[in-house]
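Here are my notes on the cysteines, one of the cavities and the ligand site. Have the model open while you read.

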Amino acid sequence: MSRAAAAAAAVALVAAVASAYPVCTARNERCAGADNRPFVKYVGCCDPWPQYECLSHPKAAEDPEKYWGRFCRRANDASKETPSDQATDTSVYEAASLPPATTYASVTRKPATVTKPVQVTESSYEATEPEGTTTKPAVVYVPTEALMMMPATTAGQAYPDKVEEIEEPATTAAETVVPEDPYVPEPPSPVPANGGNPYVGRELYVNPTFTNDILASADTATAGAEKSNLERMSTVASAYWLDLKWKVSLNNDSTTDTAGGILKDAATRPTPPVVTFMVYDLPNRDCHAKASNGEVCCGAKKPEGNCEYLDDAASGTCDKGLAEYTNEYIDPLAVTVKEYCGKVPMVLVVEPDSLPNLVTNLDDPKCGSTATTTAYRTGITYAVKTLAAACPEATIYLDAAHGGWLGWPDNLQKFASEISGLGVAPFLRGFTTNVANYQPLGVKCPSSGFCLNGANPDHECCQDPCGLGAEFNPCHSELNYAVALTEAMSSAISGFEPKVVIDTGRNGQSPRSSCANWCNARGAGSGKIPTTDTAAPEVVDAYMWLKTPGESDGCTNELPGGGTCPRFDADCKSEDSIGSRSDEPRAPEAGLWFDYQIKMLAANAVLD
Ligand SMILES: *[C@@H]1O[C@H](CO)[C@@H](O)[C@H](O)[C@H]1NC(C)=O
């Protein structure tokens, strides 16, 4: 899977469109939409209610100036039809129907600019009007912050008057009776996205399946570092990859190969440990490589099970693939997560490599097709919001590849605007880096660009085994990448101060001839045992084994038991890959146990 897209050096920055406003990212801020119109709180019309759909006013086409708000309506609820008329008095806004911004967002997020309460002047829908609340309007739609969005029909124009109006402070919010959403008895509570480092002060879940696999390898290991490290590694926590639909189910819980089984097992401990899941089953997954190609496809599947990645009419918007992903993967996972919410602490890492592929690999038609880009953007937004709503206490990190992939400033900027555009930042604790890769942790530099152009060659932070500094990439090690990544995010997304978890499962050492070689690197050793004691605690929450050490990155052309591998990726026969030499064993398919590799990772491990 992880491809070190050692993309070209400096690609000219796309000149930012001049705007008086930053691009919208958080609630309650004055910002610009994608087309650079000024909005207040443009994103997430129906946040945090993913089961709602965002609609224009029914009469918007008739008179966009008058009916310019947008509204949230419960999806697929035909009985709750459009009322005959709808709020048109935009001089007053609903403040209290919004989640309080201070709990919604991180502790560092700006508090809400209070908006005026909305007064719904008339409505034909009165069924849920509670008695005796004369000031309480009967509403069919849930007014949200997006009420203040400008009408789509007037794109391209500026609306200084509307913005002024929006910015007036609340004068009557206190006396206003809050209209309850008649269809959601208990709207999901706002997500405490930055509620704290989920790993601090907690035990981490060690999967018995991993322990058994690694002890079986230890039985046949060479005495010395290889064997003793394997024994030590058998008690180390690692994440579990939910890479197939059947693994997310709640009720298939008799083994620790499913989310339900793992959570059930963790819940039996006197103090349930933190369980880390990799959420990894997007339609058209792994679009720029082959080894981990999707289980779920936008279009047709090849006979071997890989996606065709065709951008034909049928798969153009990936409707079929997204329906399969949401209905058969994310929704059942949300049920499982909800069942154990509050009982077992959970960390969810969302879709490794996917958005990074949209930053650097759009010229690969398998990544750049409308089907794949739609699948990734829509799928990830749905996954993050649905899982956050299912369990606000679960901590969500989105994947950010690694410094050798996104570390160039222009790549980081593109990645930050991708995240910004999705509107998921408020639900995230932060990002994971180096997932399933081999980039070194390194030493944090005193300042950004400290080593560029050959500066400070003798400083320990400038050690750069991948030679990235010579390509104008200041993120030559993951600690320096974590700093640059969080800075890029904070400058693109107001109030967002994400934290990072770095995968140290296989980066103790990694003597590769080219750091673009990501598949089963020869000579690699496992890295630091998971800990929250990191070298940059202000940005790095933890080192964690996210890729399960010992699980193959991808197969050699010939499988260990003979036969041809259907998911063979040419990168898995790179000169750095185990199996590319005749005296080495063949590698099994991605995710399968690779005894030779785990022994090598143990023999070369640098665990402390
Ligand atoms: C239940 O889990 C097992 C592995 O523990 C798996 O092989 C099987 O396919 C799963 N069944 C269903 C119905 O998901």
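1. Start with Cys 555 and Cys 565: the torsion about their S-S bond is -65°, which makes this link left-handed. Their sulfurs sit 1.8 Å apart, and a disulfide here is a pair of cysteine sulfur atoms within 2.5 Å. The link ties together distant parts of the chain, with Cys 555 and Cys 565 in the loop between strand E11 (540-544) and helix H13 (595-603), 10 residues apart. Helices (H or I, at least four residues) and strands (E, at least two) are DSSP runs, numbered from the N terminus. Both cysteines are buried, where buried means under 20% relative accessible area, exposed means over 50%, and partly exposed is in between (1.4 Å probe, protein chains only).

2. A word on the ground rules. This is a predicted model, in which local features need pLDDT of at least 70 and side-chain atom pairs count only at pLDDT 80 or more, while totals for chains, interfaces and linings use all residues. Residues are numbered from 1 along each chain as its sequence is written, and side-chain values use heavy atoms, with hydrogens and water left out.

3. How many disulfides does the cut-off give? The count comes to nine. As a reminder, a disulfide is a covalent bond between the sulfur atoms of two cysteines.

4. Next, look at Cys 297 and Cys 307, a disulfide with its sulfur atoms 2.1 Å apart. The pair links distant parts of the chain, and both cysteines lie in the loop between strand E6 (275-279) and helix H6 (319-340), 10 residues apart. Is this link left-handed or right-handed? It is left-handed, because the torsion about the S-S bond is about -90°. Cys 297 counts as buried at 2% relative accessibility, and Cys 307 is buried with a relative accessible area of 1%.

5. Cys 445 and Cys 461 are joined too, S to S 2.1 Å. With 100° about the S-S bond, their link is right-handed. This pair also links distant parts of the chain: Cys 445 and Cys 461 are in the loop between strand E9 (430-433) and helix H12 (478-492), 16 residues apart. Cys 445 is buried at 9% relative accessibility, and Cys 461 is buried at 1%.

6. Why does Cys 475 not bond to Cys 445? The closest cysteine sulfur to that of Cys 475 is in Cys 445, but it is 9.9 Å away, so it is too far for a bond. Cys 475 counts as buried, at 1% relative accessibility.

7. On to the cavities. On a 1 Å grid over the protein atoms alone, a cavity is a set of points where a 1.4 Å probe fits but cannot get out, and lining residues have an atom within 4 Å of a point. There are three cavities of 30 Å³ or more. The second largest has a volume of about 40 Å³, a volume being the space filled by probe spheres set on the points, which are joined across faces, edges and corners.

8. What lines that second largest cavity? The residues include Arg 285, Asp 286, Glu 351 and Asp 353, along with Tyr 280 and Tyr 376. By class, the lining has three nonpolar, two polar and four charged residues. Ala, Val, Leu, Ile, Met, Phe, Trp, Tyr, Cys and Pro count as nonpolar, Asp, Glu, Lys and Arg as charged, and the others, Gly among them, as polar.

9. Last, the ligand. The residues around it are Trp 246, Asn 252 and Thr 255, with a heavy atom within 4 Å as the cut-off. A polar side-chain atom of Asn 252 lies 2.4 Å from a ligand oxygen atom, and one of Thr 255 lies 2.8 Å from a ligand oxygen atom.

Methods. On a 1 Å grid over the protein atoms alone, a cavity is a set of points where a 1.4 Å probe fits but cannot get out, and a pocket is an open set with protein on both sides within 12 Å along at least five of seven lines; lining residues have an atom within 4 Å of a point. A polar contact is a pair of N or O atoms within 3.5 Å; within protein, one must be able to donate a hydrogen and the other to accept it, and residues adjacent in sequence count only if both atoms are side-chain atoms.
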